[in-house]
Amino acid sequence: MTRDSNFKKVVRRHAAATGQRYTEALTDLEGLGSRMDHEPVAGRLLAHLRNRYGIDAVAATKVSVHKTYVFRIDRNDGDPWIARAFPPARRRTSVEGDAAILRFLERHDFPAERLAVADAVSDFDGSTVLVTRFVEGDHLPDGAEKFAIMGDLLGRLHALPLDDSVSRAGGASGEDPSREGAPRQDLLAGLAFLDAVDTKVAAADRERFERLRDQVRSADDGHGLPDGLLHGNLLHAPDHAVIGDRGPVAINWKASGRGPRLADFAYLIWGTGDWSPTRLTNEERIEAAVTAYRRHVEPTDEELDRLEAVMYIRTLYLVCFSYRRAVTNGVPFDEWAFIEPPEYYRSTAAATRAAFRK
């Protein structure tokens with residue numbers, strides 16, 4: 001990005017929208033790629049783990065569908081681990097927060113991955129590493145059964161009695177480490193993704209680009225709704241849930257923390273639809289998710305009334321993330337299906353309200 005007059009206007013507008021000073025907003029926009037992109041050297045990570053924990057680690061294999069910093073660590077002296085060597089921009093305190101939540105979940109016997117050792121957080125090559133036990137498992141089944149499993153996991157999670165050991169805000173995707181926290185951070189991250197490429201948007205695409213930005217600015221962030229412990233990204237299997245030998249297990253708790261429980265559930269409900277040939281409401285999957293979730297949690301009337309609006313939080317984030325990537329790479333953007341058609345949101349929210357009110 002060049003710092004011409006147009007870009008300076010974008011930075012000033014971004015500062016006003018996000019409550020930042022000009023220099024903070026400039027760093028927010030210009031540092032996006034470096035904050036999110038990270039690919040550790042496997043051999044160096046193995047050496048670090050051997051030295052830190054005294055284990056006989058022999059192989060580090062990337063296992064995440066989307067993340068280049070998640071490795072399976074095979075050992076000659078025990079069961080395999082998972083090592084997440086997060087981007088350097090992610091603070092150690094955030095990773096320690098992941099570990100605190102995993103300890104909380106273990107105390108409550110919630111089906112989540114477990115820390116590999118008591119001292120599971122370490123420093124490595126300028127980044128922070130979290131080690132957990134590898135969960136051997138299969139992908140979740142397709143169809144309504146998948147949404148019943150995830151609805152049950154979310155219901156159990158949201159019903160847990162929270163204490164002071166789980167105090168951080170959660171629910172945002174947090175791919176940009178500077179935007180971890182409550183779901184509102186997803187919307188602020190979305191604005192950053194758009195503003196970072198504002199001066200590169202073609203004239204023919206400007207009107208639709210501005211409509212998208214206005215939609216992000218005015219989106220319902222779930223503020224004031226009932227809180228719970230959020231996973232933050234459970235829908236995104238197989239990176240976030242597997243079927244282990246004792247049943248479903250939720251993994252990858254980077255986005256977890258206290259927040260409006262509807263943000264978690266709304267994202268799950270958005271995912272129930274049929275993708276082709278057009279986006280269609282799938283009442284069977286909705287019924288499965290609702291039936292499983294309400295065994296543990298009964299949403300309030302306000303949550304049901306705001307469901308349609310809250311469904312847009314994560315999906316707007318995904319559109320903005322993909323828009324920036326497309327413009328940066330010089331390719332046409334064609335992923336509007338995350339937020340279109342609006343009729344899908346209306347009909348899916350209506351079907352969900354009807355299922356809860358039976």
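A cavity is a set of grid points where a 1.4 Å probe fits but cannot get out. In this predicted model, the largest such cavity has a volume of about 100 Å³. This briefing covers that cavity, an open pocket, a five-stranded antiparallel sheet and the contact between helices H1 and H7.

**Internal cavities**

- The search of the whole structure returns five cavities of 30 Å³ or more.
- The lining of the largest cavity consists of Gly171, Pro183, Asp186, Leu230, Gly232, Ala263, Asp264, Tyr267, Val310, Met311, Ile313 and Arg314.
- Two elements, helix H9 (261–270) and helix H13 (312–329), give two or more residues to this lining.
- The greatest contribution to the lining of the largest cavity is that of H9, with three residues.
- Sorted by class, the residues around the largest cavity are seven nonpolar, two polar and three charged.

**The second largest pocket**

- A volume of about 610 Å³ is found for the second largest pocket.
- This pocket is lined by 22 residues, of which Pro111, Ala112, Asp245, Arg246 and Val249 are the closest to its centre.
- At least two lining residues of the second largest pocket come from each of helix H6 (144–158) and strand E8 (247–250).
- H6 supplies the largest share of that lining, namely four residues.
- In the lining of the second largest pocket, ten residues are nonpolar, two are polar and ten are charged.

**The antiparallel sheet**

- The open sheet is built from five strands in the order E1-E2-E3-E5-E4, with antiparallel pairing.
- Strand E1 (57–62) and strand E4 (121–124) are the edge strands, each of them pairing on one side only.
- From one strand to the next, the twist averages 30°.
- Within the sheet, strand E2 (residues 70–75) is joined to strand E3 (residues 81–85) by four bridges in the antiparallel sense.
- Phenylalanine 71 has alanine 83 of E3 opposite it.

**The E4–E5 hairpin**

- E4 and E5 run antiparallel and are joined by four bridges.
- Phenylalanine 124 has serine 127, in E5, as its bridge partner.
- The two strands E4 and E5 form a hairpin with two residues between them.
- In the turn of this hairpin, aspartate 125 has a positive phi of about 50°.

**Helices lying across the sheet**

- Helix H4 (residues 42–53) lies across E1, E2, E3, E4 and strand E5 (127–133). The direction of H4 is at about 130° to E4.
- Helix H5 (residues 92–107) lies across E4 and E5. H5 runs at about 15° to E5.

**Packing of H1 against H7**

- Two packed helices are described by the angle between their axes and the distance between the axes.
- For helix H1 (residues 5–18) and helix H7 (residues 184–196), the axes come within 10 Å and cross at roughly 175°.
- Because angles over 145 degrees count as roughly antiparallel, H1 is roughly antiparallel to H7.
- On the H1 side, the contact is made by Val10, Arg13, His14, Ala17 and Thr18. On the H7 side, the contributing residues are Arg184, Leu188, Leu191, Ala192 and Asp195.
- The contact residues of H1 and H7 comprise five nonpolar, two polar and three charged.

Definitions and conventions. Residues are numbered from 1 along each chain as its sequence is written. This is a predicted model: local features need pLDDT of at least 70, side-chain atom pairs count only at pLDDT 80 or more; totals for chains, interfaces and linings use all residues. Side-chain values use heavy atoms; hydrogens and water are left out. On a 1 Å grid over the protein atoms alone, a cavity is a set of points where a 1.4 Å probe fits but cannot get out, and a pocket is an open set with protein on both sides within 12 Å along at least five of seven lines; lining residues have an atom within 4 Å of a point. Grid points are joined across faces, edges and corners, and a volume is the space filled by probe spheres set on the points. Ala, Val, Leu, Ile, Met, Phe, Trp, Tyr, Cys and Pro count as nonpolar, Asp, Glu, Lys and Arg as charged, and the others, Gly among them, as polar. Two strands pair if DSSP finds at least two bridges between them. Axes are lines fitted to C-alpha atoms, for helices over the stretch in contact, and angles run from 0 to 180 degrees between N-to-C directions. Contact means heavy atoms within 4.5 Å. Angles under 35 degrees count as roughly parallel, over 145 as roughly antiparallel, 65 to 115 as roughly perpendicular and the rest as oblique.
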